[in-house]
Amino acid sequence: MLYKDFKESIESLDFSSMEDFIKYIGVTTEDVLQWKERNQVPHVVSVLLHLLKGEKALCKNSTLDNLVEECLPLATLLEEVSSFPYKLEEMFLLQKKLNDSTNGKNWELGTNKFDKEINWLRCIHMEAAELIDSTPWKHWKAINAEADMGNIHVELVDIWHFLMSYILQETNVPKAVSLVNAHCIFEANKEIVIKDMITETEKLSYIALAIQTGNMPSFSGIERFIEQFFRCCKVTGLSFNWMQKLYIGKNCLNQFRQDHGYKEGTYIKIWNGQEDNVVMVEILETMDDVSFDILYAQLKESYNKCK
């Protein structure tokens, strides 16, 4: 909904002023000023306006209030889902930019600028093994240890880097967004079952090996890959929104690593006793909205303190 339509809708309702409506829906004047600046109103507010149309004595209508309250979770979900294509496009474009920078133009042909073979399938297989190694899967060692869920989520995001790269190798950004979008709507598990997490991750590895060994067609393999990846997100409790936030963080860290000697072997990965991944996540947790440039600047500040 455009801001102009929003104002007209408010005027047609039984609110004495814009301030009364703002108070009713529980937002601030600053929120409304941002809507006006962007000429766009959140989907949840649009749904509320449709519910309120034609009703009388709105602020004292408990039946209507209950209806609005029941609709809020669905409206919030719809608002989140509507942002998925934009978030996916942003991630795919960032991944392409990182690959262009790291591997050189035409990396999609299978070699980098140093004539080194690129094998995204092997990358996925190896990252899946690292994810499993963050669980207490060994029957002979630390059998009562806790799974490192923070690192498991980071490993999943690493897999996402490589999976996006594989998809981009086989198609283009618009097609990639179209392929992935429908799989992003899921509810992450609150209770984590270690055995299920390991099993689903192994399936991801099996798909990579099946395509690489010629036992699964590449394109149908991509669709299986996408479905299985988000299945892994679900069973590990990794929501799409946190995955996207982690991806921006890890993409930024990967670029930071490349800019500071990662390929040459001079990069310092442990920052004052903490791995750079951990530092990156700690910074992310302080940010409401992820900004690549702001995160990069904060990583640089932290890195300079450990040199």
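Begin by selecting helix α12, residues 276-284, in this predicted model, and colour D276, N277, V279, M280, V281, I283 and L284, which are the buried residues of that helix. Seven of the nine residues of α12 are buried, so the helix is largely enclosed by the rest of the structure. To see what does the enclosing, add the elements that cover those buried residues, which include helices α7 (149-170), α11 (240-259) and α13 (292-305), together with strands β1 (270-271) and β2 (274-275).

With α12 still in view, it helps to zoom out to the whole chain, which has 13 helices and two strands. Of the 307 residues in the protein chain, 43% are buried. If contacts are drawn between residues at least 6 apart in sequence, 72% of them join residues at least 24 apart.

Next, select N272, which sits in the loop between β1 and β2. The phi angle of N272 is near 50°, a positive value in a residue other than glycine, and N272 is exposed, with a relative accessible area of 58%. A second residue to select for its backbone is A142, in the loop between α6 and α7, where phi is again positive, at about 45°, although A142 is not a glycine. A142 counts as exposed, at 51% relative accessibility.

From there, move to helix α11 and select Q244, which is placed in that helix and is buried, with a relative accessible area of 9%. Leaving out residues up to four places away in sequence, Q244 touches K87, E90 and M91. A line drawn from the C-alpha atom of Q244 to that of E90 spans 9.6 Å, although the two residues are 154 residues apart along the chain.

Following one of those contacts leads to K87, which belongs to helix α5 (residues 62-103). Is K87 buried or exposed? At 18% relative accessibility, K87 counts as buried, because the limit for that class is under 20%. Apart from its neighbours within four places in sequence, K87 is in contact with F240, N241 and Q244.

Now turn on a surface and look for the second largest pocket, which has a volume of about 830 Å³. Its lining is made up of 30 residues, and those to select for finding its centre are T102, C123, F162, Q258 and Y262, which lie nearest to that point. Helices α5, α6 (120-132), α7 and α11 each supply at least two residues of this lining, and the one that gives the most is α7, with six residues. Colouring the lining by residue class shows six nonpolar, twelve polar and twelve charged residues.

For the next stop, display the aromatic side chains, among which 18 aromatic pairs are counted. One pair to pick out is F229 with F230, whose ring centres are 5.2 Å apart and whose planes meet at 80°, so the pair is edge-to-face. Both F229 and F230 are buried. Then select F256, Y262, Y267, W271, F292, Y296 and Y303, which ring pairs link into a cluster; Y262 has already appeared on this tour, as one of the residues nearest the centre of the second largest pocket.

The last stop is the cysteines, and here the number of disulfides in the structure is zero. Select C184 and ask why its sulfur forms no bond with the closest cysteine sulfur. That closest sulfur belongs to C233 and is 9.0 Å from the sulfur of C184, which is too far for a bond, since a disulfide needs the two sulfur atoms within 2.5 Å. C233 is likewise in no disulfide, and the cysteine sulfur nearest to that of C233, the one in C232, is 7.1 Å away. Both ends of the first distance can be checked for burial as well: C184 is buried, with a relative accessible area of 2%, and C233 counts as buried at 0% relative accessibility.

Notes. Residues are numbered from 1 along each chain as its sequence is written. This is a predicted model: local features need pLDDT of at least 70, side-chain atom pairs count only at pLDDT 80 or more; totals for chains, interfaces and linings use all residues. Side-chain values use heavy atoms; hydrogens and water are left out. Helices (H or I, at least four residues) and strands (E, at least two) are DSSP runs, numbered from the N terminus. Buried means under 20% relative accessible area, exposed over 50%, partly exposed in between (1.4 Å probe, protein chains only). Contact means heavy atoms within 4.5 Å. On a 1 Å grid over the protein atoms alone, a cavity is a set of points where a 1.4 Å probe fits but cannot get out, and a pocket is an open set with protein on both sides within 12 Å along at least five of seven lines; lining residues have an atom within 4 Å of a point. Grid points are joined across faces, edges and corners, and a volume is the space filled by probe spheres set on the points. Ala, Val, Leu, Ile, Met, Phe, Trp, Tyr, Cys and Pro count as nonpolar, Asp, Glu, Lys and Arg as charged, and the others, Gly among them, as polar. Rings of Phe, Tyr and Trp (its six-membered ring) pair if their centres lie within 6.5 Å; planes under 30 degrees apart count as stacked, over 60 as edge-to-face and the rest as tilted.
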